[in-house]
Amino acid sequence: MVKNLLIVESPAKAKTIEKYLGKDFIVKSSIGHIRDLPEKGIGIDVEHDFAPTYEVSTDKKKVVAELKKLAKEAETVWLATDEDREGEAIAWHLLEALGVKESKTKRVVYHEITKSAILAAIENPRSIDKALVDAQQARRILDRLVGYELSPVLWRKVKPSLSAGRVQSVAVRLIVEREREVNGFNSVPFFKVDGLFNANSSNFHAELDKRYTNEEDALGFLTKIKGAEFTVRDLEKKPAKRSPSAPFTTSTLQQEASRKLSFSVLQTMRVAQGLYEKGDITYMRTDSVNLSQQAIDGAKAEIEKSFGPKYAETRQYKTKSSGAQEAHEAIRPTDFSAKEIAGHDSNEARLYDLIRKRTIASQMANAELEKTVITIGQNKTDDNFIATGEVIIFDGFLRVYSESDDDTEEQDNSETLPMVKAGDKVNFLEANATQRFPNSLPRYTEASLVKKLEALGIGRPSTYAPTISTVQKRGYVVKESREGTPRPYKVLTLKNGEIIAATKSENTGAEKSKLFPTDIGSVVTDFLVENFSEILDYNFTAQVEEEFDIIAEGKLSWTKMLHQFYNPFHATVVKATDVKKKTSGEKLLGQDANGKNVYAKIGRYGPMIQIGDFAEGEEETKAEDKPKYSKLRADQRMETITLEEALNLFKMPRKIGLFEDKEMAAGIGRFGPYIRHDSKFYSISKEDDVYTIDEARAIEVIKDKRQKEIEKTIKIIPHEPEIRILKGRFGPYFTMDKKNYKIPKGKEAADLTLEECMEIVKTEDAAPKKKGRFTPRKKADKK
DNA sequence: CAGTGAGCGAGCTTCCGCTTGACTT
């Protein structure tokens with residue numbers, strides 16, 4: 001029999017705390033929430049003050065049964081869940097579900113898992129804060145009402161199985177609106193002028209202090225400064241400093257792991273979970289930048305040992321994000337002296353290294369810099385060239401860590417500037433006027449979306465990764481990479497008194513692992529914004545959070561708040577449901593050659609193009625007048641498709657002619673453009689155009705492919721199904737019934753008999769499938 | 001590597017936030 005049962009949320013935490021508390025305590029975990037609203041049905045009695053029905057979650061039945069048994073035996077039950085809204089609610093649900101007397105329980109809280117903090121918490125128990133629990137109930141019930149009332153509207157108006165919610169719908173909206181900004185962005189090019197100079201026998205760059213909107217003006221300037229004399233007009237040196245970033249929260253860890261290690265948000269959390277369970281880092285779902293005193297002391301000792309005392313500068317950071325609950329410390333190593341950690345895979349080691357460096361850097365001195373600005377004038381015009389340089393005087397925290405940035409392009413300030421003074425002459429070597437195209441705001445990555453959501457106070461550390469999965473699972477958003485397209489740009493070069501114009505090429509529009517909205521995502525967003533603008537408002541969460549805070553202070557009843565929210569909200573749901581029409585996101589693209597309307601819309605099977613309309617009213621549409629349909633290709637979007645591209649879809653598949661008495665047709669399929677003949681498919685390479693390819697060329701393509709087949713074939717063994725022995729990229733193999741079989745070493749492919757083949761088939765099919773260590777790459781090959 | 005309206009009917013889908021394994025491809 002145990003005297004004390006202490007319950008926390010996380011099993012790993014339970015293990016640590018048990019060590020601190022000794023034999024009088026048994027420490028167990030609830031593994032998160034134990035009770036919730038039922039999954040089926042709304043579970044809220046709206047008519048009676050939103051009375052909720054809570055039930056023990058199916059996967060927690062075992063946990064609750066065990067805790068119940070232990071609680072019965074214990075003298076005191078210590079509810080040591082997190083000190084935030086959700087943690088308080090878990091404590092309350094435990095109290096209700098375990099059936100223990102309130103007098104037998106004590107509520108304890110702490111902000112860090114250190115022995116002193118835990119012991120201090122035990123000395124200062126309190127009772128459950130019911131106002132905070134009510135704030136959680138308001139949050140939970142509001143989310144349920146929004147999610148379970150909005151989603152069915154979408155099932156009726158757009159498509160079954162869709163979903164909407166306070167968090168996910170805003171996340172999708174952000175991506176939809178960013179995509180529209182990117183597509184609507186009009187990049188007006190300009191010319192910037194860069195000069196190359198020499199002073200004290202070293203070369204350096206300086207940029208003209210103005211830009212030109214067109215080539216003529218840029219050329220005019222270069223013409224004017226031909227043969228000019230250049231002198232230093234001004235020299236400015238000023239000290240600057242750079243401060244380290246705060247230690248990691250969940251959101252900033254996800255962002256840096258994305259930039260520095262190319263981890264997805266989900267991957268970061270998985271790897272961090274592994275580190276946490278092994279005891280290498282503190283809890284990884286946190287919104288706090290706070291460090292325990294023990295951690296600060298540990299970091300300081302490590303810094304002084306490794307770099308010397310002048311590199312240490314301890315500090316406590318303030319959490320900036322609104323709505324932070326700060327139940328945990330920042331994410332940090334548990335032991336600062338552990339530079340490398342044993343028994344971990346490389347991803348764990350890399351993430352640990354990132355966390356360790358970031359935390360240590362946060363307790364280090366500022367970097368001290370000297371910024372130099374040299375202004376170079378000339379005797380032909382009033383325009384100046386500006387050279388900027390930066391010299392690190394004292395590296396400070398930069399010695400271990402510098403944060404990456406995904407919004408601005410890397411600027412190169414590393415060039416050393418020559419020692420000059422005002423009035424000095426500098427030698428002009430050349431000047432380049434280069435055409436530049438401004439970029440629109442970038443599309444979101446998983447991590448930059450998390451950053452944006454956090455800034456809006458939407459979502460919590462435990463939900464960032466799942467939210468990103470949800471919006472992709474529902475088909476609202478896809479993560480994609482795209483190859484860019486070449487774009488020409490002009491460069492005018494003034495050198496040796498001559499101006500030369502050249503056209504160069506740069507790659508533009510390339511994207512790597514970015515979030516794109518789908519047509520469904522856009523249509524659903526437009527529908528929700530039109531009908532439920534309040535919920536889709538970027539400030540909705542912030543507003544309700546303010547009310548939750550007032551409830552938590554005991555100054556507002558949670559039922560009153562919900563009434564105020566629900567009555568108008570429910571009215572909008574009823575109104576939107578009453579409208580009979582389905583939402584298809586129909587968009588008129590124009591008219592075809594016969595004057596029929598051409599639409600892009602969402603149909604039963606996804607986005608499509610429709611040509612023609614149904615007859616109005618009673619009149620029956622004649623069969624030959626019925627609209628024609630075509631599905632959009634995978635790379636096409638309703639929002640961006642042109643009339644011409646839409647009409648082209650109806651030209652496919654296109655009859656080309658006859659070959660061996662059978663018809664040939666050209667089309668575009670899942671794997672790109674093809675020619676079909678005698679129910680076989682032949683891919684067309686980039687040199688041919690599916691829209692114009694003719695009979696003669698198509699026959700060539702077919703013959704080519706046949707020739708290659710013959711060259712590949714070593715032997716055909718008649719059998720049912722047929723066995724074909726072929727030459728492959730990885731050596732000879734044979735194929736039967738659409739499956740490929742490797743030919744074992746030591747066998748001559750050409751000599752294989754039917755019996756030998758069947759033997760190989762038998763052993764291969766019986767053998768368990770090898771588990772691939774690597775997932776197959778999506779891109780087969782690129783050239 | 002197609003098809004493709006709306007309406008009728010049944011029965012299904014869905015939220016956010018807190019935590020881990022137990023599952024299969």
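Modeller: Two strands pair if DSSP finds at least two bridges between them; strands (E, at least two residues) and helices (H or I, at least four) are DSSP runs, numbered from the N terminus. This is a predicted model, in which local features need pLDDT of at least 70 and side-chain atom pairs count only at pLDDT 80 or more, while totals for chains, interfaces and linings use all residues. Residues are numbered from 1 along each chain as its sequence is written, chains are lettered from A and ligands numbered from 1 in the order in which they are written, and side-chain values use heavy atoms, with hydrogens and water left out.

Biologist: What makes β23 and β24 a pair of strands?

Modeller: Five bridges join β23 (residues 654-659) to β24 (residues 662-669), and since the definition asks for at least two, they count as paired, in the antiparallel sense. One of the partnerships sets R654 against A666 in β24. Two residues lie between the strands of this hairpin, where E660 takes a positive phi near 50°.

Biologist: Which strands does the open sheet that includes β24 hold, and in what order?

Modeller: The order is β23-β24-β25-β26, with antiparallel pairing; β23 and β26 (680-683) are the edge strands, each pairing on one side only. From one strand to the next the twist averages 30°, where axes are lines fitted to C-alpha atoms, for helices over the stretch in contact, and angles run from 0 to 180 degrees between N-to-C directions. Inside the sheet, six bridges join β24 to β25 (residues 672-677), and G667 has Y674 as its bridge partner in β25. Helix α19 (residues 695-712) lies across β23, β24, β25 and β26, at about 65° to β23.

Biologist: Why are β19 and β22 said to stand at the edges?

Modeller: Their open sheet has the order β19-β20-β21-β22, with antiparallel pairing. Each of β19 (587-591) and β22 (628-631) has a single partner strand, so one side of each is left without a neighbour in the sheet. Neighbouring strands here are turned by 25° against each other on average, direction ignored. Between β20 (residues 597-603) and β21 (residues 606-611) there are six bridges, including the one from G603 to G606.

Biologist: How many bridges does β12 form with β11, and how many with β13?

Modeller: β11 (residues 230-242) and β12 (residues 367-378) pair antiparallel over 12 bridges, with F230 partnered by Q378. Nine bridges join β12 to β13 (residues 385-394), again antiparallel, with K371 opposite E390, and a hairpin of six residues connects these two strands.

Biologist: What makes the space lined by S169, V172, Y476, G521, V524, T525 and L528 a cavity?

Modeller: On a 1 Å grid over the protein atoms alone, a cavity is a set of points where a 1.4 Å probe fits but cannot get out, and lining residues have an atom within 4 Å of a point. The count is one cavity of 30 Å³ or more, and the largest holds about 30 Å³. Helices α6 (168-184) and α14 (519-531) each supply at least two lining residues, the largest share, four residues, being that of α14. The lining has four nonpolar, three polar and no charged residues.

Biologist: How is the predictor's confidence distributed over chain A?

Modeller: The pLDDT, a confidence for each residue from 0 to 100, averages 90 in chain A, with 95% of the residues at 70 or above. Over residues 768-783, however, the pLDDT is below 50, and beyond near neighbours in sequence this stretch has one contact, meaning heavy atoms within 4.5 Å.

Key. 1 Å grid on protein atoms, 1.4 Å probe; cavity = no way out; pocket = protein on both sides within 12 Å on 5 of 7 lines; lining within 4 Å. Points joined across faces, edges and corners; volume = space filled by probe spheres on them. Nonpolar A, V, L, I, M, F, W, Y, C, P; charged D, E, K, R; others polar.
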